[in-house]
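Do you have your viewer ready? Here is a short walk, one selection at a time, with a note on what to look for at each stop.

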Amino acid sequence: MSWVTGADGSGYGVTNLPYGVFRHGDREPRIGVRIGDFVLDLAGAEAAGLVLAGGALGRPTLNDFMALGRPQWTAVRQRVVELLTDETHRSATEPLLVPLREVTLLLPFEVADYVDFYSSEHHASNVGQIFRPGQPPLLPNWKHVPIGYHGRAGTVVVSGTPVVRPCGQRATPQGPTTGPSVRLDIEAEVGFVVGVPSALGDRVAIDDFADHVFGVVLVNDWSARDIQAWEYQPLGPFLGKSFATSVSAWVTPLDALADAFVPAPDQDPPVQNYLHDTPHLGLDLALAVEWNGERVSEPPFATMYWTPAQQLAHLTVNGASLRTGDLYASGTVSGTERGQVGSFLELTWGGTEPVKFADGGTRTFLEDGDTVTVTATAPGPDGTTIALGEVTGTILPAR
């Protein structure tokens, strides 16, 4: 139990403690952890000698701290839990608590590289049926290899950043034209943030996942479906994806999710040796998607076919190096039901079945002024619930 008012039962208690970077007033960016509706200033805690991290907590991003590795992550987490639960530390720690309402949250880590996977069998099958009717929904390689592509790290933005409607080429019955996207979509995903790098030429073994990955963020990989459909053959996503990818301001450490790992779906046919993980575990995360404040979908992450450890092993099997701050995302999270999909392409079945809102309005794809928010929860120890930091964004008109 924490002595911080309102922390227990909030989803942001001492079993969670996600890391972020905040600005308070005109001060420089500082690293903190969320506890209830407060931020504990870890830069101030380290400066006061309450936490030891070799100065890494005094930096303006999490990168230096993430590079220290799991033993240091665990030690700092244990110390912060002690500070927030032991009354003997209250007098020294309480002045370092800043009300969440007073801070501005920033992108918590400097993104090195960004990779997006395509790991939901249900999402891939739905997209196959929409785009290739009458053909097998999954391509022959899909259950053999975690499909992914390299995205644009420079357009990863923190939750709350407005998203300008992208322009680009799209097909029309009269031929290609250039202009604002008219089929702007979301992709509700889960992202994994790399802390410990690897050497060029080395492969990261599947059992080493937890030694390299610092934590988890929610991701909305905004997608211009009309631009994407015109450009993606033969090389795949490009301008239809690279204009913006939103991530939550809070990075939930893997240690906080220890009780959320569950058996992942069986894989048939058998995977290649480097992808064989024992035990074969995914994460039991319950996502929710709100469109203009109305919940329209509840994607279940536990149904993902390819696991985060398999994705990391595949990402590096060719010897590609990891860097501190690498972000790799799961791909759209979709379940078996229409109300469990992570994209509006699926929710409206390619725009043919509009969503009806309680106020009588309808939507197929995103309109200017629309706001989308993705949230998630996970099971914590002793029946507690952990909340992951939300990711939200509002669409602005094309420029």
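The tour below runs through a predicted model, pocket by pocket and residue by residue.

**Stop 1: the largest pocket**

Start with the largest pocket, which holds about 720 Å³ of space. To centre your view, select Tyr 118, Ile 147, Gln 228, Tyr 232 and Pro 237, which lie nearest the middle of a lining of 32 residues. Now colour by secondary structure: S6, H5, S7 and helix H7 (225-231) each give two or more residues to this lining. Which element gives the most? That is H5, with five residues. If you colour by residue class instead, the lining splits into 17 nonpolar, nine polar and six charged residues.

**Stop 2: the annotated residues**

Next, select Tyr 118, Arg 132, Gln 228, Tyr 232 and Thr 332, which an unreviewed UniProt entry annotates as "binding site". Keep the pocket on display, since the lining of the largest pocket takes in Tyr 118, Arg 132, Gln 228, Tyr 232 and Thr 332 from that set.

Zoom in on Tyr 118, in the loop between strand S6 (114-117) and helix H5 (121-131). Its relative accessibility is 27%, so Tyr 118 counts as partly exposed. Beyond its neighbours within four places in sequence, Tyr 118 has contacts that include Trp 142, Ile 147, Ser 330 and Gly 331.

Then move to Arg 132, in the loop that runs between H5 and strand S7 (148-150). Arg 132 is also partly exposed, with a relative accessible area of 21%. Show its surroundings and, setting aside residues up to four places away in sequence, you will find Val 127, Pro 137, Leu 138 and Leu 139 touching Arg 132.

**Stop 3: the second largest pocket**

Shift to the second largest pocket, with a volume of about 330 Å³. Its lining has 15 residues, and those closest to the centre are Phe 209, Ala 210, Phe 261, Leu 281 and Ala 309. Helix H6 (209-212) and H8 each supply at least two lining residues. By class, this lining has 10 nonpolar, one polar and four charged residues.

**Stop 4: Thr 307**

Finish at Thr 307, in the loop between strand S21 (294-297) and helix H8 (308-316). Is Thr 307 buried or exposed? With 1% relative accessibility, Thr 307 counts as buried. Turn on side chains to see the polar contact between Thr 307 and the side chain of Asp 277, at 3.3 Å. Outside its neighbours within four places in sequence, Thr 307 is in contact with Ala 264, Asp 277, His 280, Leu 281 and Gly 282. Leu 281 should look familiar from the previous stop, as one of the residues closest to the centre of the second largest pocket.

Notes. Residues numbered from 1 in each chain as written. Predicted model: local features only at pLDDT ≥ 70, side-chain atom pairs only at ≥ 80, totals over all residues. Heavy atoms only, no water. Helix = DSSP H or I, 4+ residues; strand = E, 2+ residues; numbered from the N terminus. Buried < 20%, exposed > 50% of the residue type's maximum accessible area, 1.4 Å probe, protein only. Polar contact = N/O pair within 3.5 Å; in protein donor to acceptor, adjacent residues only side chain to side chain. Contact = heavy atoms within 4.5 Å. UniProt positions renumbered as here; feature names shortened; annotations may be inferred. 1 Å grid on protein atoms, 1.4 Å probe; cavity = no way out; pocket = protein on both sides within 12 Å on 5 of 7 lines; lining within 4 Å. Points joined across faces, edges and corners; volume = space filled by probe spheres on them. Nonpolar A, V, L, I, M, F, W, Y, C, P; charged D, E, K, R; others polar.
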